[in-house]
Structures are given as structure tokens and as C-alpha cells.
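Student: I'd like to learn how to read a protein model. Could you walk me through one?

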Amino acid sequence: MYFALTDTQREFDRAVRDYLAQRFDLAAVREVVDAGTAGSAGTAGPAGTAGTADPADTAGNPASLWAAAGEQGWLAVTVPEEHDGLGLGLVEAQVIARALGAGVAPGPWRGTVLAAEAIRLAGSDEHRAAWLPRLASGEAVGAFASRGSAAGGLPAVEYGAIADVVVAPAEDGVPGLVLLTGASATPVGSYDGTTRLANLTGGRTEPLPGAGIDVARELADRATVLVAADLVGVAREALDRTVAYDREREQFGVPVGSFQAIKHALADLHVGVTMAEHAALYASYAVQEGLDGADLAVAVAKAKANDVALQATAAMIQYHGGIGYTWEHEAHFFYKRARRLAGQWGDLAVTRERIAALTL
């Protein structure tokens, strides 16, 4: 069996990458990072505000990029057609996640897609009709909280300050998910300037009636796959940029990439990144199709993605020489994003323990 992306999936990949290259490159990413740094001292009020600095900048969700996400179907990818979506699957979603990772793109794309997935899988007909079309078009922003509870407070929710709806655990240690609206948000700092975090308290809740243990587990797998895909996108772009630089940078009259110590290390990284890409792709397919062993595939994908993203971004800094350590160079965008995402939905230790438990 030959397992590869379809033409439609490759088109999604090209669409995201072309847009980022042409209209939201690393210079635009830097503006978001710098604005977040400048506005980090602000204080927030109700959800939908981001502090005393300019909300358009500190919110970390550039209008042009968010509009493209809605217009080009990035947000609608898994939403059913009857709710104005594309009706595609997790494979297509991870393709988009990988491209966004490669561009270290800011914005609440993943949280919005996961909120839509939770409503699709566990919501009532009324929930689906009310929220899915709005999330698919970008009219509404979603967030997906993995820690805390709506009852006790939600720490460090990605883009929680601008989310119109948050999917969150109902109570600590109790199965069940709720839709949270109208929460108060307090922005909190993040060393990864390509995202924004906020603590959420209060608000109104509505239970998702279908959110049992099985659905919660599937949502966790879907979230893990999307984070793994983002990480492998970061890893591949970091590696490609490093290889391109070391082909041009000369030392002792020859490109530094011709030195065996560097050449062999980058070749090993290429193998690792390629294997992580395949692992993320297969995990997305296994979860989408409900295959036996999907839980193991997800754990393997996240473990590999964690490993190679941290290695590739560290190598990016190292093999760019002195410039790689500077604020002016983009290497820290990739490294900080990899470091943050590697801790989400299972770090190296957790994912390896899960693999062992599932195989031994």
C-alpha cells in the first residue's frame, strides 16, 4: 500500500504556505512577537480584551491572517458541510497545522478547530447549529482548555482572552465538558511570543451532552496530533533554513555545511524529521478512521515530534553561529515554539511512558 497525501491535501499545504510566504512572512511574525512583548504589562477585563496596550497587536491574532483562515477553509476543514464546513478530516487538519508550524504563525487556529471538533462530536443539534458555522467562517474564535476546570478556573488558555467560546472540563477530576462563554480573562506571559495565553475565571457554562470518557479521549488524541503536526512543521522549516544557511556561509574558504561534523548531524536530523512527519501523518489517519492501535500511533507521533523539534531548533541556533543567538535572527521563534509545544499533550517522558504501557 502506498500511503501519501491526496491532491486536495497537498493543495491545502500549498495554500497555507503560499499565503504565509507572500503575505505573512517572518517579518510579520516578528511584529506580533514584539507587540506582545510591549503589551505584556497590560491588564485585562472581560474575555475579548487583551490589556491596556493596543488590543489589535497584543491579542496576537492579526486580522489579515485570521481572515485568510476563514476564507481559505483552514477553520472549516473538519466542520460538516451541513454547517458550512468542508467536511474533511483530521488528515487535512494536520496538513494545515504542519504548514502553520513551518511559518511559526500566530493566532487561534488550533483552538478554534478543536472547539469545533468538540461541538461536532459531543454537542447537541442546537450547539452545532449555533456555533459550527460561526467557527468555520472565523466569525467566532474558539479555544480548547486542557487544564483546570470551568468551575475552578482555567490556567494559561491559548487565546482565551479573545475566545468567544471555550471548551473546558466541567469540574476537576470529573468527566464531562462544557461550553464556556463570557469568562473574565487575565493575560499571562509566555516565552513563546507567537501565541497568547490567559487565565479564565467565571462565565456561563453549558454542558456538552455527548462528552463521555470515549469522546474526551478522542478529542485528546486529535489535539495531540495537531500539536505534533505543528512541531514537525517547525522542525522541517528549522532544518531547511539551517541547511540553506550552511551552504552559503563560508569558513576557511569553503561552505561550513561541507564539514563532516555539521553535514552528518544535519543528515541525521533530516532522517529524524522525515520519520516524525510520517508518524504524524499516520497518527492522523489512524484517529480519523478509528483504527486499532490509534492510541499508540498518537503517542509515537508526539514522542518523535517532541524529539526532532527540540533537536532541529537547537541545531538551528548552533549552526547559524553567532547570529543564531541574537534577538534579530528568527531562530528563537522556532526554538521557543518547539519548547512550548513539546510540553503540551505529553512531553518526552510522558509519551515514552505511554508507548511503553501500550506495547509491553
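Tutor: Let's go through helix packing, then sheets, then one helix and one of its residues. Keep in mind that this is a predicted model.

Student: Okay, helices. How do I describe two that pack together?

Tutor: In general, two packed helices are described by the angle between their axes and the distance between the axes. Here, take helix 5 (residues 90-102) and helix 8 (residues 213-248): the angle is about 40 degrees and the axes are 7 Å apart. Helix 5 and helix 8 are therefore oblique to each other. Their crossing is right-handed.

Student: Which residues of helix 5 and helix 8 make the contact?

Tutor: Helix 5 brings Leu90, Ala93, Gln94, Ala97, Arg98, Gly101 and Ala102. From helix 8, the contact includes Arg222, Val225, Leu226, Ala229 and Asp230. Sorted by class, the residues of this contact are 9 nonpolar, 3 polar and 4 charged.

Student: Why do the numbers in such a list skip along like that?

Tutor: Here's the general idea: an α-helix has 3.6 residues a turn, so residues three or four places apart point the same way. In helix 5, look at Leu90, Ala93, Ala97 and Gly101, which are among the contact residues.

Student: At what angle do helix 8 and helix 10 pack?

Tutor: Helix 10 covers residues 294-319, and it packs with helix 8 at about 25 degrees, the axes being 8 Å apart. That angle makes helix 8 roughly parallel to helix 10. Helix 8 passes helix 10 in a left-handed crossing, and the contact between them has 18 nonpolar, 4 polar and 4 charged residues.

Student: Now the sheets. What do I look for?

Tutor: Look for strand order, pairing direction and the edges. One open sheet has 3 strands in the order 2-6-5, with antiparallel pairing. Its edge strands are strand 2 (154-158) and strand 5 (184-188), each pairing on one side only. From one strand to the next, the twist averages 35 degrees. Between strand 2 and strand 6 (residues 197-201) there are 3 bridges, and leucine 154 stands opposite leucine 200 in strand 6.

Student: What is the strand order in the sheet of 4 strands?

Tutor: That open sheet runs 1-3-4-7, and its pairing is mixed. Strand 1 (142-144) and strand 7 (204-207) are the edges. For a parallel pair, go to strand 1 and strand 3 (residues 165-171), which are joined by 3 bridges. There, glycine 142 stands opposite valine 165.

Student: Which strands does helix 6 lie across?

Tutor: Helix 6 (residues 109-122) lies across strand 1, strand 3 and strand 4 (174-181), at about 80 degrees to strand 1. Helix 7 (residues 125-137) lies across strand 1, strand 3, strand 4 and strand 7, and runs at about 60 degrees to strand 4.

Student: Last one: is helix 11 mostly covered or mostly uncovered?

Tutor: Count its buried residues. Helix 11 (residues 331-341) is mostly covered, with 8 of its 11 residues buried. Among them are Phe333, Phe334, Arg337 and Leu341.

Student: Why does leucine 341 count as buried?

Tutor: Being buried means under 20% relative accessible area, and leucine 341 has 0%, so it counts as buried. Leaving aside its neighbours within four places in sequence, leucine 341 is in contact with Arg110, Val227, Asp230, Leu231, Lys302 and Asn306. Its C-alpha atom is also separated by 9.3 Å from that of alanine 309, 32 residues apart along the chain.

Note on methods: Residues are numbered from 1 along each chain as its sequence is written. This is a predicted model: local features need pLDDT of at least 70, side-chain atom pairs count only at pLDDT 80 or more; totals for chains, interfaces and linings use all residues. Side-chain values use heavy atoms; hydrogens and water are left out. Axes are lines fitted to C-alpha atoms, for helices over the stretch in contact, and angles run from 0 to 180 degrees between N-to-C directions. Helices (H or I, at least four residues) and strands (E, at least two) are DSSP runs, numbered from the N terminus. Angles under 35 degrees count as roughly parallel, over 145 as roughly antiparallel, 65 to 115 as roughly perpendicular and the rest as oblique. A crossing is left-handed if the near helix is turned anticlockwise from the far one by less than a right angle, and right-handed if clockwise. Contact means heavy atoms within 4.5 Å. Ala, Val, Leu, Ile, Met, Phe, Trp, Tyr, Cys and Pro count as nonpolar, Asp, Glu, Lys and Arg as charged, and the others, Gly among them, as polar. Buried means under 20% relative accessible area, exposed over 50%, partly exposed in between (1.4 Å probe, protein chains only). Two strands pair if DSSP finds at least two bridges between them.
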